[in-house]
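Please load the model in your viewer and keep the selection panel handy. We will go from one selection to the next.

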Amino acid sequence: MCTEGVYHQYTSGVSVTLIKAAGTALVSILLSHPLWAPQWGRGILGEIGAQGMPGALIAVAVFFGLVALYCRALQRTMTAVRPAARTASPASVWWMFAIPYNFTEDFFIVRTVTASLTADGHVTGGFIRWWTALGYSWCTLQILSLLPGTTGYIGGAVALPLWAAHWIMTVRVNRMLGARRQVIPLPHDL
């Protein structure tokens, strides 16, 4: 029985690694399409570059600043979850900065936080389902935004408000978990 568990854990780890590698390869292909299919358009990198140097730098800095704030909120969520319920380190959410790996990893971050919140048992199942659905939706649309043309623009335009809604829900769950910490007596109070 123990051997079966180890085998399942190993094969599950291999499967996840293969999914992440394949996803990263596909995202890399999409990101590089201006090199091999220039007729499809400039792509996201071309759009950023079209703003000129100061505009592009400001846009990138603002975007990465927002991603850092979002990662900090997710890290707070994972930190607020009981340690025994965590399915990953709170710092693992910062993989969102590992481009192009992050496009695939974002799905796994949502899955990890979902599993941790579920195992913690403090947040209602309905809230967790909505949080998860929003998370997977913005992750999917983020990848769709890499496609050329109207499809990519629509994907990006819809991904951003869903990301913002997910972020708002993350802040709400952090408040819920923070309120729980205030109610639980500390060991020195017992």
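Select F63 to begin: does this residue count as buried, partly exposed or exposed? With a relative accessibility of 40%, F63 counts as partly exposed, because the buried class ends under 20% and the exposed class starts over 50%. Keep in mind throughout that this is a predicted model.

**The whole chain**

Zoom out and colour by secondary structure. You should find 7 helices and 0 strands, so the order of elements from the N terminus reads α-α-α-α-α-α-α. Of the 190 residues in the chain, 34% are buried. Switch on a surface: about 11,100 Å² is exposed, and carbon and sulfur atoms supply 71% of that area. If you draw a contact map, look at the contacts between residues at least 6 apart in sequence; 68% of these join residues at least 24 apart.

**The aromatic rings**

Next, show the aromatic side chains. Across the whole structure, a search finds 12 aromatic pairs. Go back to F63 and add W163: the ring centres are 6.0 Å apart and the planes meet at 45°, so this pair is tilted. Now colour the two helices involved. F63 belongs to helix 4 (residues 52–80) and W163 to helix 7 (residues 149–183), so the pair ties together parts 100 residues apart in sequence.

Stay on W163, which is buried at a relative accessible area of 10%. Add W167 to the selection. The centres of the W163 and W167 rings are 5.6 Å apart with their planes at 35°, so this pair is tilted. Both residues sit in helix 7, 4 residues apart, or about one turn of the helix. W167 is buried, as is W163.

Which residues do ring pairs link into a cluster with W163 and W167? Select F63, F64, Y70, W94, F97 and W138 as well, and you have the cluster on screen.

**A lysine over a ring**

Jump to K20 and F108. The charged end of K20 sits over the F108 ring, 4.8 Å from the ring centre.

**A glutamine in helix 6**

For the last stop, select Q142, found in helix 6 (residues 125–144). Its relative accessibility is 15%, so Q142 counts as buried. What does the side chain of Q142 make a polar contact with? Show D106: the two side chains are in polar contact at 3.0 Å. Leaving aside neighbours within four places in sequence, Q142 is in contact with F103, D106 and A159.

Definitions and conventions:
Residues numbered from 1 in each chain as written. Predicted model: local features only at pLDDT ≥ 70, side-chain atom pairs only at ≥ 80, totals over all residues. Heavy atoms only, no water. Phe/Tyr/Trp six-rings, centres within 6.5 Å; stacked < 30°, edge-to-face > 60°. Buried < 20%, exposed > 50% of the residue type's maximum accessible area, 1.4 Å probe, protein only. Lys NZ or Arg CZ within 6 Å of the ring centre and 35° of its normal. Polar contact = N/O pair within 3.5 Å; in protein donor to acceptor, adjacent residues only side chain to side chain. Contact = heavy atoms within 4.5 Å. Areas by Shrake-Rupley, 256 points an atom, 1.4 Å probe, with all protein chains shown as cover.
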